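Biologist: Could you take a close look at one part of this model with me? I would like to start from a single strand and see what surrounds it.

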Amino acid sequence: MVTSGKQYEISSLTNNKVKLINSLYHRKYRKDLNLFVAEGVRICKEALENNWDIKYLLFNKENKDNLAIHDLVNETKSLGADTIAVSSQILSKLSHKDNPQNVLGVFIQKWHRLPNSVDNKRIVALENVRDPGNLGTILRTMDGMGASDCVLLNECTDPFSYEAVRASMGAIFNINIIASNLEQFLKWKSDKNISLIGTSLKKASNYTKANWKTPFVLAMGNEQKGLSDKFINNCDQLIKIPMLGKSDSLNLAVSTGIILYESIRKNPN
């Protein structure tokens, strides 16, 4: 039986709980505590609907009578987590924004393994992607087109950073986040005999000519350097998006979105 969570108020910026939550702005403490922050009523509600474990829910005490906030507070308490009424000043400090949301949730991170079953799957693998905004936007796009697994390879940015979670607009709660290294990933790829489609400027075909039969993995590389040579050498297909203007590249998240939706256009099943 789950014990109902407590509800109380914090008014001091020097409160230990406030300090702990504020520390989650830094990757080291997110990793050490296995926690992260998500902001907004809709996004926190989506997290609970997807069975993510919540540790604390902070809400603006000036809006406690708001029906959506009231319902979210009650749902959080029923799950055994504490709900904390705070001022907008404290929410601003914890969200690191001047115009914070009225609700801030502290959730337990959830990591997954490389999937055992790959039937009909569209999977995205990202190698050494550094920009959290790109990562969050890619997760949002994946969620929109029905992909469920994102593999982060080697030195990728933290998917649970403030910036990545914000950019995902709640999609992070619908995507299986997987951390791996290239050697493990390539062994898994070989064992599952899954098609690996990588982006490259070398010996690559137009992305509209690719074979998008599922299951497949779409591999996208670092914003500056692209995929590593070892990764490229293990791809079954290499594709590129033609550039018709003077720019020589597109934003990583934009490129990923274009290619993923092309895969649906060619193979909607």
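How many bridges join S3 to strand S4 (residues 82-86), and do the two run parallel or antiparallel?

Modeller: Happy to! This is a predicted model, in which local features need pLDDT of at least 70 and side-chain atom pairs count only at pLDDT 80 or more, while totals for chains, interfaces and linings use all residues. Residues are numbered from 1 along each chain as its sequence is written, and side-chain values use heavy atoms, leaving out hydrogens and water.

S3 and S4 run parallel, joined by five bridges. (Strands are DSSP E runs of at least two residues and helices are H or I runs of at least four, numbered from the N terminus; two strands pair if DSSP finds at least two bridges between them.) One of the residue pairs here is Tyr-56 with Asp-82, its bridge partner in S4. Between these strands lies a helical link: S3, helix H4 (residues 67-78) and S4 form a right-handed β-α-β unit. Right-handed means that, with the strands pointing away from the viewer, the path from the first strand over the helix to the second runs clockwise.

S3 also pairs with strand S5 (residues 103-108), this time in the antiparallel sense and again over five bridges. Leu-58 has Leu-104 as its bridge partner in S5. As for cover, S3 spans residues 54-60, and six of its seven residues are buried (under 20% relative accessible area with a 1.4 Å probe, protein chains only; exposed is over 50%, partly exposed in between), so the strand is largely enclosed by the rest of the structure.

For context, there is also an open sheet of seven strands, paired in parallel in the order S8-S7-S6-S11-S9-S12-S10. Its edge strands, S8 (176-180) and S10 (205-206), each pair on one side only. Within that sheet, strand S9 (residues 195-199) and strand S12 (residues 237-240) run parallel and share three bridges. There, Thr-199 stands opposite Ile-239 of S12.

One more spot that may interest you is Asn-134, which sits in helix H6 (residues 132-145). Asn-134 is buried, at a relative accessible area of 8%. Leaving aside residues up to four places away in sequence, Asn-134 touches Glu-223, Asn-251, Leu-252 and Ala-253, where contact means heavy atoms within 4.5 Å. The C-alpha atoms of Asn-134 and Ala-167 are separated by 7.8 Å, although the two residues are 33 apart along the chain.
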